[in-house]
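User: Could you take a close look at one part of this protein for me? I'd like to hear about a pair of charged neighbours, and then how the surroundings compare elsewhere in the chain.

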Amino acid sequence: MPHTPLLKESALGVITGLRSTKKPFFCHFAIENHLNYTKSPRDMNVSLNWLKERLDLGSRNINEVCDLLTYAGIEVEDLQSVGVESELIVVAEIKEAIQHPDADRLKVTQVDAGEGQLRQIVCGAKNYKIGDKVPCCLPGAKLPGGFTIGENKMRGVESRGMLAAGSEIGLEDQEDGLLILDPSFKVGTPVRELFDADTLIEVEITPNRPDLLSHSGLARELAALLHTEMQEVEITQTTTLASDPNKVSVYSHTCPFYSLVSIKGVKVAPSPEWLTKKLNAIGLRPINNIVDITNYVLHELGQPLHAFDASQVSLPINVRQAHEGESFLALDEESYNLEETDCVISDHSGKALALAGIMGGLESGVTESTTDLLLESAYFTTSEIRRSSRRLFLSSDSSYRFERGVDPQQVLPASALASALILKVAGGELCAETYTAGQLPQQQSSVKLDVKRMLQLMDGSVPLEDAEAILTRLGITAEGDGRWNIPSWRSDLERSADLVEEVARVHGIQNVPSRTGGTAVDESKIDRDYDRTLDLKKKLTAIGFYEAQTIKLIAESQLRDCLPIRPLQDGDLVKVARPLSEDHAVLRPSLTAGLLATAENNIRQGAKSLRFFEAGRQFRNVGGGKATDLEADSLALLIGGQALVPSWTASHGRQLDLYDLKAIIESTVGAQTVQFSPRTREGFLLAGDIQLSGKPVGTYAQVLPSRVRELGSHSPIYLAELDLKKILGLHQDMFQVEALPLFPGSSRDIAMELPSTISNAEIEKVLSKHQEPLLVCAQCFDHFCDPSGEKLAADKKSIGYSFTYRSDKGTLKQKEVDEAHEKLRKHLEKNLPVTFR
């Protein structure tokens, strides 16, 4: 299976040139101890070299490993090679460098690349000298980013390759300019042979598998899939537990267990090369040896740790609930106001040292002057950490793991491993005792496997012996009588169905035989509605519209942009009880708010013409919250800006207007008569109801000029929202085709004077009730009013209509047309306060 990176689009909505938008991808940042920014917490970076330290992959290549993970339910998002890939990047010695004859910043070098003769290369770097050895990219060498080196001329001088910096060939830059290599390296040697290469695997871990959020956890899973043994992390440090309230006390239900280790006399310094390589390999920036050890253990074992500067802490450590309104200054240099539901780590003075399970404090963090440490390793309740993290909008590698659940049996081993490594890389003296408070959660009870059900679900493709072997490889041990002991790292296994799923996952769903093939079913109403909705979308895109897909949650400030088909009443809004942010506080009662946000983003991108639509669901409480909630599908339209693309044939373009909106609706719904009836809507300049063949189906509006200016537009913006269910109900799957008229028609004009309060929609309504078989068309061609009252009374207006008469039986005589036209005049006089001019 191919492993291609996901396309992650901006949450800005539609940008001109895209026909549709995908679900917005929201990026989070992980912060641990000192600021280390990584990918979204959903994804984990895994170093293949690091993984190989835990198990032998044998002859399997990386693509086979990724396929294995994917089929086992662990999605591989991306693969990235780290290090030098091309064999055509070799060690070269600079023999000569002279000034370029036509460029002050370039030099023409002669280098020995082990070819038996010197190679001329033009170079702009300045950090080298004659005799230095540097990477030389020969013609044909492929660089990261898809670039291929060739031979060309630079300012008229031939250049047969490229001298490279570290970052240009997949290595790290050590200084500004070329990568200066070790003088002992042999000329002509491929650089890839001199530096370690690695592959970075980006995997997406589902919420129910927190045990995979570490290299050891993923290695354990792969060992089960590959039928091989895993090399456990060696922990030589012994632990002596002690309980002393003068050292550690727990007063919070958020923390069932807390441990603390004291290490004195450490030297904070840059980390050794092996440690920085591991962290760099997974995208973490090394900070110092102490912080880097805690991050290494986190990504090795999956257990978050935190190191305090002991000089900034007065014992005992107290794990307690925060005080209402208590302020906490975190490592990200932001101050947070806490609530009683939050849990903090504080000292004897009462000062909050860390926000439990989420982030340490700025004042008690490890610095270059730190000599004494207090190392924390704890177990926190998942729901409480998740609540605090989301309320404060503060996420870290630690909180991401605690929110999903860590292995309680790794709390003390992780502390011991970190202590041993700190002694190794930073020196110091370890306190003989590990101080603890609380109790680790009890081992979960065993689960009985329903063998009969398993064999039935697997259709006999897995014998019982093989199923038992699979469970054993996964660390699930047989207890007897069909019961299985669940390991501490698999808290997601609670019932027989979970065990069956594990067997199926490892055995391979693709290896379970299919009992039946696909069967044909009759078309349902859902199928028809889906097809009809798709037809509507195709029609809109055919006339220049772009589809938007916006989030269903909006901010309360966006309610002013909503144009619900039925005006909102008090209590109609469906609000989110605990919104993740202010921008996602209300379930949208209308789709137009999202379209206006999309329009704003496109205006910022320079869009001159706005044509967007969205078909989706809107929500409200029926009857002001006194009845059940209502979810209904709508079709929303937005137009504005230029009607036509600027062209040399037309110097002045026309702006889209309300009549364009009406025409668009007519062309979309087919053979239906569209009527716009004015009705005042608060927050909009013009507004009204939309009727199709006399049936109400939606509403339209013109956005207030002040709001249009806020959006950054200089042209009017018009909106419409239609009831999709009613639109689909009027949709015709089959159409009758009529032949073109055989006989000519005849037209007559009428100039009418009416009160200015009479709308054109009222005139159209009266005309629609006139049952004259010869009348085939009525069109308004003129409108006049005079507010001054000089040419026409100020409370009057003049409207000109053209009427077309035609018969399919023969050419109409003038008398027939006159009689039909007179009937029409009488009908208008009877039903409207009209006089003819």
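Analyst: Let's start with E403, which counts as buried at 6% relative accessibility. Keep in mind that this is a predicted model. The side chain of E403 meets that of R404 in a salt bridge, with 3.4 Å from N to O. R404 is partly exposed, with a relative accessible area of 23%. Buried means under 20% here, and exposed means over 50%, so R404 at 23% falls in between.

That pair is one of 38 salt bridges in the structure. Another one joins K129 and D132, whose side chains come to 3.1 Å, N to O. Here K129 counts as exposed because its relative accessibility is 54%, while D132 is buried at 10%.

D132 is followed by strand β6, which covers residues 133-137. What about its burial? Five of the five residues in β6 are buried. On one flank, β6 pairs with strand β3 (residues 89-99) in the antiparallel sense over five bridges, and in that pairing E93 stands opposite K133. Strand β11 (residues 162-163) is also antiparallel to β6 and is joined to it by two bridges; C136 has L163 as its bridge partner there.

Back to charges, and to a pair where both partners are covered. E221 and R209 form a salt bridge with their closest N and O atoms 2.9 Å apart. E221 sits in helix α3 (residues 215-226) and R209 in the loop between β12 (198-204) and α3, so this pair ties together parts that are 12 residues apart in sequence. Both E221 and R209 are buried. They also belong to a wider network of salt bridges, which links R209, D211, E221, R490, D492, E502 and R505.

Further along the chain is helix α12, residues 525-542. Its 18 residues reach 26 Å from the first C-alpha to the last, close to the 26 Å expected at 1.5 Å a residue. Which of its residues are buried? They are D529, R532, T533, L536 and L540. These cover an arc of only 100° around the axis, which puts them on the same side of α12. The face turned away from that buried side carries the exposed residues Y530 and A542. Just after the helix, G544 takes a positive phi of about 100°.

Next comes an open sheet of three strands in the order β30-β32-β31, with antiparallel pairing. β30 (553-554) and β31 (574-575) stand at the edges with a single partner strand each, so one side of each is left without a neighbour in the sheet. β30 pairs with β32 (residues 586-587) over two bridges, and L553 stands opposite L587.

One more acidic residue is worth a stop: D561, in the loop between β30 and β31. D561 counts as buried because its relative accessibility is 4%. And what is D561 in contact with, leaving aside its neighbours within four places in sequence? The answer is T592, A593, L596, F684, R707 and L719.

Notes
Residues numbered from 1 in each chain as written. Predicted model: local features only at pLDDT ≥ 70, side-chain atom pairs only at ≥ 80, totals over all residues. Heavy atoms only, no water. Salt bridge = Lys/Arg side-chain N within 4 Å of Asp/Glu carboxyl O. Buried < 20%, exposed > 50% of the residue type's maximum accessible area, 1.4 Å probe, protein only. Helix = DSSP H or I, 4+ residues; strand = E, 2+ residues; numbered from the N terminus. Expected span 1.5 Å × (residues − 1). Arc of directions from axis to C-beta. Pairing = 2+ DSSP bridges. Contact = heavy atoms within 4.5 Å.
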